[in-house]
Amino acid sequence: MKVAVLGAGAIGAYVGAALHRAGADVHLIARGPHLAAMRRHGVQVHSPRGDFTARAHATDDPAEVGPADYVFLGLKANSYAACGPLIEPLLHRNTVVIAAQNGIPWWYFHRHGGPHDGHRLESVDPDGTVSAVLAPERAVGCVVYAATELEGPGIVRHLEGTRFSIGEPDRSLSTRCRTFSEAMRAGGLKCPVERDLRNDIWLKLLGNISFNPISALSRATMRQMCLHGGTRKVIEIMMAETLAVAETLGCEVGVSIERRLAGAERVGDHRTSTLQDLERGKPLELDVLLAAVVELAEITGVPVPTLRTVHALSDLLAARTAA
C-alpha cells in the first residue's frame with residue numbers, strides 16, 4: 001500500500017511514521033528545516049508509548065512521489081482550495097484522500113441523503129473551489145483524537161491519544177476504509193471505521209467551536225477559560241447552540257456539556273491550535289469551525305445568537321491577522 005502524506009507536520013509525520021513502521025510504502029511531503037531533518041535522520045517520535053524512528057522517504061516534490069493509493073491530508077483546511085498543484089501528481093483513478101481536518105468538511109452533504117443531500121457549504125467550499133481540487137468521491141473523513149507537536153525539525157512529540165476515526169460520507173463500511181484501518185492498527189494506532197463519522201465530527205467540534213475562537217480572542221489557556229465564570233458560561237451557550245444544530249441534522253454527540261467542560265479543564269494550561277496560530281502570525285482556521293456551523297444554522301433554521309456574535313468578533317480578528 002502506497003501512502004503519500006501531504007502536509008507532514010506533527011500529525012501527518014506521526015501517522016506516516018506509524019504506517020511506515022507497519023510496512024507501508026510511505027512518502028512524506030513537507031518543506032524547510034523539518035523536511036531537511038526528516039531526510040537526514042527520519043521521523044523521530046517521542047512518546048509515552050515508546051520512542052521510535054521511521055526513515056520514510058521525504059520530499060518537497062509530489063511529482064517525485066507519483067500516484068499513491070492513499071493521500072493522508074495533513075494540511076490546514078484553509079489550504080485545501082490552493083493545494084491542487086501539490087495533490088494532482090499524487091492521484092490515480094482510485095486514489096483515496098483521507099482528510100484529517102477539524103470542523104465541518106467540504107464533503108459534509110455528499111451522499112448524505114435527505115433534503116440537504118449534495119448541498120455545498122459556501123463557508124468551507126467557496127464557489128466549489130475545494131471540490132474542484134478534492135473530488136468528494138475520493139474523500140474518506142478522519143477525526144483525530146491524538147495530540148502531537150513538533151518539538152523540533154523532524155522530531156514529533158506524541159502527547160496523548162492514538163485514535164483516528166475514519167468513515168465514508170455514504171455511511172458504508174467500505175473496503176478502502178477497512179484496508180487503511182488495518183494498516184494504521186498494524187502501526188500501533190487506533191483507527192475504527194465508523195458507520196456515521198458525522199457524529200464524531202460534531203463531538204470534536206463541540207470543543208473546537210467554542211474553545212478555539214475564545215482562546216484566540218482572550219489569549220487564554222484551556223484551564224483559564226474553564227475557570228473564568230463568564231467565559232465558561234459563554235462556552236456553555238456556544239456548545240448548547242452547536243448541539244441544537246447537530247440534532248436538527250440527525251446527529252447524536254452522546255456527551256454532556258458538563259462532561260465536555262470537565263475534560264477540557266483536565267487538559268490544563270494548554271493553548272489551542274488557533275491561539276498558537278495567532279501567536280505565530282499564521283492564518284486562523286475558523287471557517288470550518290465556526291462559520292460553517294452558522295451557515296448550517298441558517299439552513300436548518302436554528303437560532304445561534306452567541307455563535308453569530310463570537311463568529312463576528314473572531315472573523316474580524318482573523319482578517320486583521322491576515323492583513
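A polar contact is a pair of N or O atoms within 3.5 Å; within protein, one atom must be able to donate a hydrogen and the other to accept it. Keep that in mind for a threonine in this predicted model: the side chain of Thr95 reaches the backbone oxygen of Ala68 at 2.7 Å.

## Thr95 and the strand that follows

Let us start with the surroundings of that threonine. Thr95 lies in the loop between α4 (84–87) and β7 (96–100). Is Thr95 buried or exposed? Its relative accessibility is 2%, so Thr95 counts as buried, the limit for that label being under 20%. Setting aside residues up to four places away in sequence, Thr95 touches Ala68, Asp69, Val71, Leu90 and Arg138. Ala68 thus appears both in this set of contacts and as the residue whose backbone oxygen the Thr95 side chain reaches.

Now for the strand itself. How many of the residues of β7 are buried? The strand is mostly covered, with 5 of its 5 residues buried. In a regular strand, side chains alternate between the two faces of the sheet. Here, Val96, Ile98 and Ala100 point one way from β7, while Val97 and Ala99 point the other way. Residues on both sides of β7 are buried.

Which strands pair with β7? One partner is β6 (residues 70–73), which pairs with β7 in the parallel sense over 4 bridges. Within that pairing, Leu73 has Ala99 of β7 as its bridge partner. The other pairing described here is with β8 (residues 139–152), which runs parallel to β7 and is joined to it by 4 bridges. In this case Ile98 stands opposite Val140 of β8.

Strand β8 also holds Gly152. With a relative accessible area of 19%, Gly152 is buried, under the 20% limit for that label. The C-alpha atom of Gly152 is separated by 9.1 Å from that of Pro33, although the two residues are 119 apart along the chain.

## Aromatic rings and charges

A pair of aromatic rings is described by the distance of the centres and the angle of the planes. A search of the whole structure finds 3 aromatic pairs, and two of these deserve a closer look.

| Aromatic pair | Centre to centre | Angle between planes | Arrangement |
|---|---|---|---|
| Tyr80 and Trp106 | 5.7 Å | 85° | edge-to-face |
| Tyr108 and Phe109 | 5.1 Å | 90° | edge-to-face |

Where do Tyr80 and Trp106 sit? Tyr80 is in the loop between β6 and α4, and Trp106 is in the loop between β7 and α5 (129–133). They are 26 residues apart, and their pair links distant parts of the chain. Tyr80 counts as buried at 2% relative accessibility, and Trp106 is buried with a relative accessible area of 6%.

In the Tyr108 and Phe109 pair, Tyr108 is buried with a relative accessible area of 1%. Phe109 likewise counts as buried, at 1% relative accessibility.

Tyr108 has a charged companion too: the charged end of Arg198 sits over the Tyr108 ring, 5.3 Å from its centre. A further arrangement of this kind involves Arg21, whose charged end sits over the ring of Phe52, 3.9 Å from the ring centre.

## Two arginines with positive phi

Which residues other than glycine have a positive phi? Arg111 is one of them, with phi near 50°. Arg111 has its place in the loop between β7 and α5. Why does Arg111 count as partly exposed? Its relative accessibility is 48%, and the label covers values between 20% and 50%.

Arg219 also has a positive phi, of about 60°, although it is not a glycine. Arg219 is placed in the loop between α7 (197–218) and α8 (222–227).

## The two domains and the last helix

The domain assignment of the protein chain gives domain 1 (2–195) and domain 2 (199–322). How many residues does each domain bring to the contact? Domain 1 contributes 25 residues and domain 2 contributes 24 residues. Taken over C-alpha atoms, the centres of the domains are separated by 23 Å.

Finally, Thr306 is found in helix α13 (residues 305–322). Its relative accessibility of 18% makes Thr306 count as buried. Leaving aside neighbours within four places in sequence, Thr306 is in contact with Val234, Ile237, Met238 and Glu241.

Terms used: Residues numbered from 1 in each chain as written. Predicted model: local features only at pLDDT ≥ 70, side-chain atom pairs only at ≥ 80, totals over all residues. Heavy atoms only, no water. Helix = DSSP H or I, 4+ residues; strand = E, 2+ residues; numbered from the N terminus. Buried < 20%, exposed > 50% of the residue type's maximum accessible area, 1.4 Å probe, protein only. Contact = heavy atoms within 4.5 Å. Pairing = 2+ DSSP bridges. Phe/Tyr/Trp six-rings, centres within 6.5 Å; stacked < 30°, edge-to-face > 60°. Lys NZ or Arg CZ within 6 Å of the ring centre and 35° of its normal. Domains from an automatic or database assignment.
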